[in-house]
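Colleague: I am new to this structure and would like to go through it slowly, one question at a time. Could you show it to me before we begin?

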Amino acid sequence: MSLRVDRVSKRFGSVEALRPLTLEFSPGEIHAVVGENGAGKSTLVNILSGFVNPTSGSVTLGGVELRGGPLAFRGAGIEMIHQHFTLVGSFTAEENLALSAAQTVWRMTRTDDLAAKALTIGKALGWNIPRNTPVRTLPVGVLQRLEILKALAADAEIVLFDEPTAVLAPDEVLDLFNVIRRLRDEGKTVVLIAHKLSEVFAIADRVTVLRRGEQVFSRLIGDVTPEEVAEAMVSEMAPAIASKASVAGDAVLRITGLTTVGDRKELALRGLNLEVGASEIVGIAGVDGNGQVELAEVVVGIRRSTGGSVWIQEGARIGYIPQDRQTDGLAMSMSVLDNAWIEGVRRPELTRGPIRLLNKGRKWVRDLISRFQIRAPSIGTPVGSLSGGNQQKVVCARVLDQRPDLLVVVSPTRGLDLKATEFVHQQIRDARSSGTAVLLISTDLDEVLAISDRVLAISRGELSPLTTAGALVGNSQ
Amino acid sequence: MDFSIFIQLLVYSTPVALAAMGEGIGQKGGVMNIGLEGTMLSAAFGGAVVAIATHSPALGLLAGTAVGLAVTLVAAVFSITLASDQVVVGTAVNLGVLGITGTLFRNQFGQSGKLISIPSLPELYGIDAVIPILLALAIALWFAVNRTTWGLALRAVGEYPKAAESSGFSITRLRYAGCAIAGILGGLGGAYLSIGVANSFAENMTGGRGFVAIAMVTFGRWKSVPILIASVLVGGLDVLQFRFQAMGLKVPFQLFVAMPYIVALAVLVIVGRGTAAPASLGKAHQESK
Amino acid sequence: MNPKFRLPFTVLALAASILLTFAIFRLPIRASSILLYEGAFADRVGMARTILKSCPLMLTGLGAAVAWRAGIYNIGGEGQFVFGAISGAWFAKLAVNLPPVVQLLGILFWCAVGGAIWAGVAGVLFVKRGVDVVISTILLNFVALQLLDWAVSGPLQELKHQLPQSDLLPASAMLPKLNRQLDLHVGIFLAVAMCGVIFLVLKYTKFGFRMRLVGAAPLAARASGVAAGKVQLGALALSGALCGLAGGIEYCGVTGQIGQGFSQQWGFLGIPIALLANLNPLAIIPSALVGGALFAGSENLARFTNAGSTLVYVIQASVVLALVAADKRFRGRSEVSTA
């Protein structure tokens, strides 16, 4: 049975995540879907697994239209291997597999019976999974195997992998590929959402390129070259790199041998070296979860390093635009005024000793609103009721207005429309022109290429220089 | 030391132990019922009234359990269905129950709250029927949580609701079930306090036992048998107080009264919240569309 | 809820709760309402009772609001109220030879410090060991009550050593009365002034702003470099100080001594007062006055029926539940599953 999407489109508010798209996924085929962040891959995979309902169009399996939520889709034999695992961290592997297999609450059965089927499949694949330790202590490669076993034990006919290699070590990737091939050879339909072209060309039978919600092409792997695919993914790259900036000034930020751990005590940065000078934008590209957030947080001083050093020019003002504006950047229930004050309390001209000068603050925020073209009914409006673009403008305005010497920006245009994106980019460029050292960390390759003077790639907590488009999408690795 | 001290100890700690074991189940599912004090107090009152009216302590226990269940389910509607703040809801429930039981008590037994006496449960060597139930429940709850798919799903809901949801379980239903058990056991514990332990009712007679029970859940690391042991240990401090007084030791008795709270606090300090706590404890969950 | 509807909704919920409570307990609604009203407002005595009762409520309500605004659930107002009073009484015992004014100010000061210390214990345990503030403050309530019991039958007991209570303060060390016939004392001005001060702190100071920020968006506070733990500890100590001060005002204004029944749940009742006021310091003034009126009125009611102050608990609990159901602000710390 083949899985088919027919003129499927999806709109989130004003953002068109997916324009009418028609694709077919056939049994016995590994079908890779590639594209940059925001190209519509995750929307597509969420529609295929029933988590998101399309705005228009239909999903059919063997000619029958699929409706309902994720459970209905699972019932039809479609299983998704999430990038973020749906495993209970304190449960053992056995308990997690049993939970997935349980079906009903009225059973007095032992978890090892329920997990038996999945574990048998695992054994057949040559996997030796520790059954009785909490899975949070297991390496991610093993967790992914558990996710795959959950899917296989549920007799999946169609398996969706959402960027499965992003979290894996090289040898784990090879093993995963063997399993994916095996599934294909057993006649199952495999959909692979991917970032790295090298991997796509290593395993896929067919590749579909998405760009800004639209299909560029869908071809058999033999009919296309990596260069063609890379170009189709990021066609605006060439002019962007040409717009090179002025020469960088003195170093403002110098990082040597930096190591740190993430929230779950996992090693996030492994001996990272980096220098950012005045009047330059250093772009760091990479897939989510490779140490980007940790790097930014250590630089701005809200996360401790475990080794190495971070030197910042003496007296430098630091500005920080965090990745997630809704949780880290803004207090959604507070007003535009108060959200500006998050930065304002540190401005000497807006405070006197412990006191906030409210009149000056109001004047300041009104001025920000007009200069940064923030569309808000009033300064008292809760920031949560503004559009995403205007929310981000609030963050940018309060940070950039202080003319920081060092600006750390993480994925500043995620979820913004074209106009807002362009605006934010211009603000960052303007800051650079007035002498700010900018560290731009983003998962959106187009963005990094568009405004950076120098580009580096981050992978598993380490940086490597990247210069060509092919290298950026992982082709030369 | 004779055997009777042990029985006495068990009797005194049973209200807290029952409530704590029930609360443990509720918390396993991710709901912290701060209103447990109210659950127990309402059950103590309801049980006492029915036991006096019917001259049947057993019916009293049953009625108290039902009252405790009802009160807890009211709190559950707010904290689960309406996704309200669990602390605010629990605080309001405690306050409301304190008021309702106080008012009804004064209405029924007069302003001064004259001493009332409740028929006591039949006993065998000082052991009544609730004690074996307590011990059996500890085992039964352990079994339900660790050896049934219901328990597996309940634990998943308390840890990572999304995992349970994606496996096809209803977060809402499991959380209500957890709260229902917390209500039934809290109710039984409260009713036993007035009927089995005190043979009487007084305003605000639970005196913080519900809160101690909540602390015992953390002490017992969310496992029914350790919760039972912890409750008996701490409940036993009350009994020790009488023994020490009988022995004429010069220790301020207030220290003994305060001891359960101090010990509970000390335990929380030593173990911290740790990793044993359900990860989603206290967080409301809004189902995805 | 739209802020515009908040006040009318609260008033309606309050009225409905009062009537409903009467109905549930089968009290004659008209007669009871009149008794309640007369007890609280009918004459100078009633008004004075209302204001007198609202004094401790205003301060403990303010204390609860301060902590909750910073995202900390201080359920321990009762313990802080009591421990504050113990500290004040201890000072009073040591300071018998000081001039009365110094005694009075010293007692109030030490009551506030004691409350701050008692809350600070929970704060330190939270910041250092991650002990849930809700549970620790509740447990500390009971410890404080036993401490009071022990203190007034031990070190702080009256010189006659008869009853478990402390010696009466000399009248000169009590808060001055506003009127000879009424019990009303100047503490109400202090309570109202504190509401104003806290309002100003929250609105105009950096610390107040950071408290609100930590309460509204802890992650955004962290990202902007605010040490959330320190801010919350500060908020909790401030909250405790206010609850302790409430104890001081009750001690120096009404009782003149401390004993077993010293606190009439004033600390605990501050929570519904704060919630009714939407945690707004200025709104706490009317909210506490309403609370005071309910208590004063219910005393009148108790003279003719068996129902008394316990009715007030029911009324307040149901208003809080109505607000919780209607207002998003009290939605739980939720995690929305996004696919």
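The questions and answers below go through this predicted model.

Colleague: Which helix of chain A has the lowest confidence?
Modeller: The mean pLDDT of chain A is 85, and 93% of its residues reach 70 or more. At the upper end of chain A stands strand 18 (residues 406–410) of chain A, where confidence is highest, at 95. At the lower end, with a mean of 42, confidence is lowest in helix 9 (residues 237–242) of chain A.

Colleague: How many contacts does the model have for residues 468–477 of chain A, beyond near neighbours in sequence?
Modeller: Two stretches of chain A deserve a careful reading, and for residues 237–245 of chain A, where pLDDT stays under 50, the model has ten contacts beyond four places in sequence. Over residues 468–477 of chain A the pLDDT is also below 50. Beyond near neighbours in sequence, the number of contacts in the model for residues 468–477 of chain A is 28.

Colleague: Which residue in strand 5 of chain A does Thr60(A) stand opposite?
Modeller: Strand 4 (residues 56–61) of chain A runs antiparallel to strand 1 (residues 3–12) of chain A, with five bridges joining them, and in this pairing Arg4(A) stands opposite Thr60(A). Strand 4 of chain A also pairs with strand 5 (residues 64–65) of chain A in the antiparallel sense, over two bridges. In strand 5 of chain A, the residue opposite Thr60(A) is Glu65(A).

Colleague: Which residue takes a positive phi in the hairpin of strand 4 and strand 5 of chain A?
Modeller: The hairpin is made by strand 4 of chain A and strand 5 of chain A, and it has two residues between the strands. A positive phi near 55° is found in this hairpin, and the residue that takes it is Gly62(A).

Colleague: What is the radius of gyration of chain B?
Modeller: Chain B has eleven helices and one strand, and along the sequence the strand follows the helices, in the pattern α-α-α-α-α-α-α-α-α-α-α-β. For 289 residues the globule rule gives 19 Å, and chain B comes close to this, so it is as compact as a globular protein of that length, with a radius of gyration of 19 Å.

Colleague: What percentage of the residues in chain B are buried?
Modeller: The C-alpha trace of chain B spans about 60 × 40 × 35 Å along its principal axes. Among its contacts between residues at least 6 apart in sequence, 80% join residues at least 24 apart. Of the 289 residues in chain B, the buried share is 60%.

Colleague: What is the radius of gyration of chain C?
Modeller: Chain C holds 13 helices and one strand, and its C-alpha atoms fill a box of roughly 70 × 50 × 35 Å, taken along the principal axes. A compact globule with 339 residues would have a radius of gyration near 20 Å, and the value for chain C agrees with this, at 20 Å.

Colleague: Which element gives the largest share of the side of chain C that touches chain B?
Modeller: Here 47 residues of chain C are in contact with 50 residues of chain B. Elements that give two or more residues to the chain C side include helix 5 (100–129), helix 11 (266–276) and strand 1 (334–336) of chain C. By kind, the residues of that side divide into 28 nonpolar, 13 polar and six charged. The largest share, twelve residues, comes from helix 13 of chain C.

Colleague: Which helix gives the most to the side of chain C that touches chain A?
Modeller: This contact takes 15 residues from chain C and 23 residues from chain A, and the chain C residues divide into ten nonpolar, three polar and two charged. Helix 8 (206–216) and helix 9 (218–223) of chain C each supply at least two residues of that side. The one that gives the most, with five residues, is helix 8 of chain C.

Colleague: Which helix of chain C gives the most to the largest nonpolar core?
Modeller: The core has 367 residues, and among the members that touch the most others are Leu440(A), Ala153(B) and Leu139(C). Leaving aside its neighbours within four places in sequence, Leu139(C) is in contact with residues of chain B including Phe211(B), Tyr261(B) and Leu265(B). From chain C, the largest contribution to this core is 15 residues, and it comes from helix 6 (residues 133–152) of chain C.

Key
Residues numbered from 1 in each chain as written. Chains lettered and ligands numbered in written order. Predicted model: local features only at pLDDT ≥ 70, side-chain atom pairs only at ≥ 80, totals over all residues. Contact = placed C-beta atoms within 7 Å. Helix = DSSP H or I, 4+ residues; strand = E, 2+ residues; numbered from the N terminus. Nonpolar A, V, L, I, M, F, W, Y, C, P; charged D, E, K, R; others polar. Core = buried A, V, L, I, M, F, W, Y, C linked by C-beta atoms within 7 Å. Buried ≥ 20, exposed ≤ 12 C-beta atoms within 10 Å, placed from the backbone. Rg over C-alpha atoms; globule rule 2.2 N^0.38 Å. pLDDT = per-residue confidence, 0-100. Pairing = 2+ DSSP bridges.
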